[in-house]
Amino acid sequence: MIDTTKFSLADFMKSEDKNIMELAKEFWEYKEDYVRRRHYQYRRVSITGSGPTMKIIDHYTGQIKEMINLASNDYLNLTKHPRTIKAGIEAVKKYGTGAGSVPLLGGTLDIHVELEKKLAKFKGCEDALIYTSGYGSNLGTISAILHEKDVAILDMYVHASIIDGCRNTNVEFFRHNNMDSLEKVLKKVKDKYNTKLVIVDGVYSMDGDIAPLDQIIEIAHAYGAFVMVDEAHATGVIGKNGRGTPEHCNVEGKVDIVAGTLSKALGAVGGFIATNKELVNYLHFYSRAYMFSTAPTPQATASLIEALNVIEEEPELRQRLWDNIRYFRENLLKLGFNLGNQQTAIFPIIIGDDYKVKEMCRELHEAGIYVNPVFYPAVPRRLSRIRMSVTAGHTKEHLDRTLDVLEHLGKKYGII
């Protein structure tokens, strides 16, 4: 039996003297020790879908357990909004369960084009194209436009899909949200590459903070670089009208490439790229993730169109979300928890001790509160954390119950 207190996930990423089946067997033993210690808080199976609460099949008891769900990215609870459900059902009846082909050949439906136009307008761009996943939109776009004579300039905290998209190009990193560091890198690469692309997240998924996009654009454009922003956790959440980071930073129409997922606040699945019409046309033919994946399902597409309508027509959902964000943040800080530079619906409680994170998450699970443990190598050991996110549907009772349990555990484990 492998002792999980002496190993990390990083130890099983590659091996110089074992084949993949041997490595997988060792990792299975690692996982079994996780389960034995009741630290295994992954793949908890829901029988009710996403929501502020949900029922799961408990790993350890085999019983149905109702939990307060603080592990969801469904910020506006649109996965179960009556309008998005109705739109999806009607689309299945009209178009069937699938698009039947890749979008470049026989798979483009009129509702795909409608969604692309709506996304482009929503993001202040000329045109857009949709992918079957947010990961695919970043991977497919970046790998299509950056090659051996180009360079990606990345905030060191960008999403894994962005890093994976840069495997066939040159990469430079700058310190997180640090404009002096960004400018230093831009000076270094100024005359060396054909295409220079600065890529950032609008809202960072592990820290919940916001990129200073207005400053990034000003600096990047001054050095002849383009800017791409991933709006995964920003769309529907920040900006006066929920249009994301460009709206929040007053730079709508000035961002060269706006990327995002359709699976978080929009409540379905997929990804998109919004930019100028010429680059969208180029991606139709050179983005392999777009060309060689069957087009998004009719149900998801129609539900997404309606989700954008809901965001525009029901601003009270975003208001309820922000009421919850402010309430939860104020009370967590009052208790003495370290939230880093948290600014949005994502709440990192920074613990700095992997074992304490595992133990606290075990006790939170037992108390009926669903959160995510995050530790090395996903973050440095000194920044290991419990990651939570609030939604519009959480009640004060949900948040107060969570705060009570966190206060007890914070004192028990010497965090507060």
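Partly exposed, in this tour, refers to a relative accessible area between the limits for buried, under 20%, and exposed, over 50%. The model on screen is a predicted one, and every value below is computed from it.

**First stop: Lys-18 and Glu-26**

Select Lys-18, which counts as partly exposed because its relative accessibility is 32%. Its salt-bridge partner is Glu-26, and the closest N and O atoms of the two are 3.7 Å apart. Glu-26 belongs to helix α1, residues 20-36, and with a relative accessible area of 28% it is partly exposed as well. If residues up to four places away in sequence are set aside, Glu-26 touches Ile-2, Phe-12 and Lys-18. To get a sense of scale here, draw a distance between the C-alpha atoms of Glu-26 and Arg-37, which are 11 residues apart along the chain and separated by 17 Å. A search of the whole structure finds 23 salt bridges, and two further examples come up later in the tour.

**Second stop: Ser-137 and strand β9**

Move to Ser-137, in helix α4 (residues 134-145), where the relative accessible area is 0% and the residue is therefore buried. Not counting residues up to four places away in sequence, the contacts of Ser-137 are Tyr-131, Gly-260, Gly-271, Phe-272 and Ile-273.

One of these contacts, Gly-260, leads into strand β9, which can be selected as residues 257-261; 5 of its 5 residues are buried, so the strand is largely enclosed by the rest of the structure. Colouring by face shows Ile-257, Ala-259 and Thr-261 on one side and Val-258 and Gly-260 on the other, with both faces covered. Which strands pair with β9? Strand β8 (residues 226-230) does so in the parallel sense, over 3 bridges, and strand β10 (residues 271-275) in the antiparallel sense, over 4 bridges. To check the register, look for Asp-230 opposite Ala-259 and for Gly-260 opposite Phe-272 in β10.

**Third stop: helix α7**

Next select residues 213-222, helix α7, whose buried residues are Leu-213, Ile-216, Ile-217, Ile-219 and Ala-220. These buried residues pack against α6 (179-189), β7 (196-201), β8 and α8 (245-248), so that β8 from the previous stop comes back into view. After the helix comes Gly-224, with a positive phi near 75°.

**Fourth stop: the sheet β11-β14-β13**

Now display the open sheet in which 3 strands follow the order β11-β14-β13 with antiparallel pairing. Its edge strands, each pairing on one side only, are β11 (346-350) and β13 (372-374), and from one strand to the next the twist averages 30°. Between β11 and β14 (residues 385-389) there are 5 bridges, in the antiparallel sense, and within this pairing Ile-350 has Arg-385 as its bridge partner.

Is β11, as an edge strand, enclosed or open to the surroundings? It is largely enclosed by the rest of the structure, because 5 of its 5 residues are buried. Ile-346, Pro-348 and Ile-350 point one way from the strand, whereas Phe-347 and Ile-349 point the other way. Add helix α12 (residues 315-335), which lies across β11 and β14 and runs at about 10° to β11, and then helix α13 (residues 354-366), which lies across β13 and β14 and runs at about 40° to β14.

**Fifth stop: two salt bridges around this sheet**

Return to Arg-385, whose side chain meets that of Asp-207 in a salt bridge of 3.3 Å, N to O. The pair links distant parts of the chain, since Arg-385 is in strand β14 and Asp-207 in the loop between β7 and α7, 178 residues apart. Both partners count as buried, Arg-385 with a relative accessible area of 1% and Asp-207 with one of 16%.

In helix α13, select Arg-362 and Glu-359, which are 3 residues apart, about one turn of the helix. Salt bridges that share partners join Glu-359, Arg-362, Glu-363, Glu-366 and Lys-412 into one network. Within it, the closest N and O atoms of Arg-362 and Glu-359 are 2.9 Å apart.

**Last stop: a nonpolar surface patch**

Finally, select Met-156, Tyr-157, Ile-163, Val-171 and Phe-173, which together form a nonpolar patch on the surface with about 410 Å² of accessible area. Val-171 sits in strand β6 (residues 170-174) and, at 31% relative accessibility, counts as partly exposed.

Conventions. Residues numbered from 1 in each chain as written. Predicted model: local features only at pLDDT ≥ 70, side-chain atom pairs only at ≥ 80, totals over all residues. Heavy atoms only, no water. Pairing = 2+ DSSP bridges. Axes fitted to C-alpha atoms, helices over the stretch in contact; angles between N-to-C directions. Contact = heavy atoms within 4.5 Å. Patch = residues over 30% accessible without salt bridge, like charges linked within 9 Å, V, L, I, M, F, W, Y side chains within 5 Å. Areas by Shrake-Rupley, 256 points an atom, 1.4 Å probe, with all protein chains shown as cover. Salt bridge = Lys/Arg side-chain N within 4 Å of Asp/Glu carboxyl O. Buried < 20%, exposed > 50% of the residue type's maximum accessible area, 1.4 Å probe, protein only.
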